[in-house]
Amino acid sequence: MNDISENLKTVRGMIEKIAADFARDPSGVRLMAVSKMQPEESLRDALAAGQRLFGENKVQEAQQHWAGLRGEYSDIELHLIGPLQTNKAKDAVALFDMIQSVDRADIVKALAKEMKKQGRDVPCLIQVNTGEEPQKAGVLPKDLDELLTLCREEGIRITGLMCIPPADEPPALHFAFLRKLAYERDLRDLSMGMSADYEKAIPLGSTYVRIGTALFGDRSAAISAASSSAV
Ligand SMILES: *Cc1c(COP(=O)(O)O)cnc(C)c1O
């Protein structure tokens, strides 16, 4: 028994309330359900509750999750939010409706090549490592313009920026910084805000909030429940 439908209502309600408080059109804040590591039952519950936009952080897991369900629901929208390897660019271009994790030159080139080959124009976001954390994906802020130029040259359509703030810093500082980087470059999409901090991201202009735990519960619980029921 889970409350995914209830959780969706709660989060959608929060988005609407915060948007109203900050004079934003709530339809400009899109709720992405992050379905990584979730069992199919949970994806089905979210679909039954009307959710259509989903985020995955691994290409292969996304294929396993959605190949079948997309046959049943024609209007599912899938975004990649995890790091991409060049050898997965082909599958990523074929599968995703948006790639939010573009962060380096070799990926830009691999995506451009595949989009041409497949005749697909997949809009992308550039992930920015706003905290300049060595272990984290994302382009450093100082290298953003060079990457944007390459994207333009290669014909990759960048509509905005994405970030994951450092765990130990106030997220609002990073959201405000990402917004500044985006608006200065005339980019309007801002993918920022997760379960713990989306309420702070919406006042700062977020257009995509990426929510996993607050909808589906703890991912480690989902895994142990799945493995114990498989025994
Ligand atoms: C897992 C993940 C999320 C969702 O995180 P929650 O804290 O479970 O809401 C959001 N964005 C990215 C990039 C993720 O990998």
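**Exercise 1.** Find the atoms that R210, G212 and T213 place beside the ligand.

*Solution.* Start with R210: an N or O atom of its side chain is 2.8 Å from a nitrogen atom of the ligand, a polar contact (a pair of N or O atoms within 3.5 Å). Next comes G212, whose backbone N or O atom lies 2.8 Å from a ligand oxygen. Finish with T213, where a side-chain N or O atom is 2.5 Å from an oxygen of the ligand. On its own the ligand has 390 Å² of accessible area, and the protein covers 90% of that (Shrake-Rupley method, 1.4 Å probe).

A quick note on the model: it's predicted, with local features needing pLDDT of at least 70 and side-chain atom pairs pLDDT 80 or more, while totals for chains, interfaces and linings use all residues. Residues are numbered from 1 along each chain, and side-chain values use heavy atoms, without hydrogens and water.

**Exercise 2.** List the residues around the ligand, then sort them by class.

*Solution.* Look for residues with a heavy atom within 4 Å of the ligand. You'll get V34, K36, I81, I164, M194, S195, R210, I211, G212, T213 and R219. Sorted, the shell has five nonpolar, three polar and three charged residues; here Gly counts as polar, and Lys and Arg as charged.

Key: Polar contact = N/O pair within 3.5 Å; in protein donor to acceptor, adjacent residues only side chain to side chain.
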